[in-house]
Amino acid sequence: MAILTRTWMVLMLLTAVSMWAGHGTGGLGPLGVGLVLAAANLKADRILTQYLDLRRADGGWRAGFRVLLTLLWVALFGIYVLYPMIGAALR
Amino acid sequence: MTETAAPTTVVAAEEAADGEAADWGPLSSLPGNPMMWILILGELAAFGAMFIGFAVARALDPATFDASQGQLDRLLGGVNTMVLVTSGWLVAVAVRRRGSGRSHRVAMLGAMALGGLFLAIKAVEYGDKIGRGLTLETNSFFQLYYLLTGFHAMHVAAGIVILGIVTWWDSLENLETGAAFWHMVDLIWVLLYPIVYLLR
């Protein structure tokens, strides 16, 4: 039960970090985008591992979800950082 | 003469009572009913594709997206994240308590109440946007905003119903299956919130 409460506290803290990193006006820049996405990815990983209890599942499932989340992180980070080039190429 | 070890947990006792569990291959080691995990994988793929689509749409028209995103209430979105994360914690606690044979209904009812609070906050947010004339027809940002958050809110509403069902018919497998759906809803929101409300 204690691990669940610790997980909840980490999730709350990471949400506060996201809110702080994403506040204000103007672009976030690569560092801000990376920080907000990293916090979201870490939260997703904690939910899968502790809340959904993937610790109990075969190791391949946890690794597979981690790969999927990392691919999503890389794709979103790339699109948000390189958006002028992507926009120009698609227009 | 061989001795059979007595089941030490509620899980073992229920498995012993039900006989040998069905073989779902690689899905067998996942908590709850494996069919729920097939749904979870499908939902994550669908929302993942929508998140990429949202990011690409923003790359095509960053000025409109950034100005429109500035109309959203980032604080309210963050508060709703905390509400859903706390609800997920209560559901996880309920499953652990059920697994060790302790009372779990108060935690489940608390989780459902927080799910209702999430929807109430979302309704306040929609009311504010619509009151300011920001609707589906405003621009592509608001089309995607209502599509993504509305689709997610429908999952929250369905999740509350599912939590109610498994609180009533509360075998451990039912509870784990309902919890898996609820955590999936939670997981999608922790990805949706930064993409729609924060990234620019």
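**Close-up views of a two-chain helical model**

**View 1. Helices α1(A) and α4(B) lie roughly antiparallel to each other.** In this predicted model, helix α1 of chain A covers residues 2–21, and helix α4 of chain B covers residues 74–99. Their axes are 10 Å apart and meet at an angle of about 170°, which is why the pair counts as roughly antiparallel (over 145 degrees; under 35 is roughly parallel, 65 to 115 roughly perpendicular, and the rest oblique). Axes are lines fitted to C-alpha atoms, for helices over the stretch in contact, with angles from 0 to 180 degrees between N-to-C directions.

**View 2. Here are the residues where α1(A) meets α4(B).** From α1(A), look for A:L4, A:T5, A:W8, A:L11, A:M12, A:T15, A:A16 and A:M19. Facing them in α4(B) are residues including B:L75, B:V79, B:M82, B:V85, B:W89 and B:R96. Contact means heavy atoms within 4.5 Å. The residues of this contact comprise 13 nonpolar, five polar and one charged (Ala, Val, Leu, Ile, Met, Phe, Trp, Tyr, Cys and Pro are nonpolar; Asp, Glu, Lys and Arg are charged; the others, Gly among them, are polar).

**View 3. B:R58 is a buried arginine in helix α2 of chain B.** That helix spans residues 34–60. The relative accessible area of B:R58 is 2%, so B:R58 is buried (under 20%; exposed is over 50%, partly exposed in between, using a 1.4 Å probe and protein chains only). Its side chain shares a polar contact of 3.0 Å with the side chain of B:D66 (N or O atoms within 3.5 Å, one able to donate a hydrogen and the other to accept it; residues adjacent in sequence count only through side-chain atoms). Beyond its neighbours within four places in sequence, B:R58 touches A:Y80 and A:Y83 from chain A, along with B:F65, B:D66 and B:R200.

**View 4. Both chains, A and B, are built from helices without strands.** Chain A has four helices and chain B has seven (DSSP runs numbered from the N terminus: helices are H or I, at least four residues; strands are E, at least two). Buried residues make up 45% of the 91 residues in chain A and 50% of the 200 in chain B. The C-alpha atoms of chain A fill a box of roughly 50 × 30 × 15 Å along the principal axes.

**Reading the labels.** Chains are lettered from A and ligands numbered from 1 in the order written, while residues are numbered from 1 along each chain's sequence. Side-chain values use heavy atoms, leaving out hydrogens and water; local features need pLDDT of at least 70 and side-chain atom pairs 80 or more, but totals for chains, interfaces and linings use all residues.
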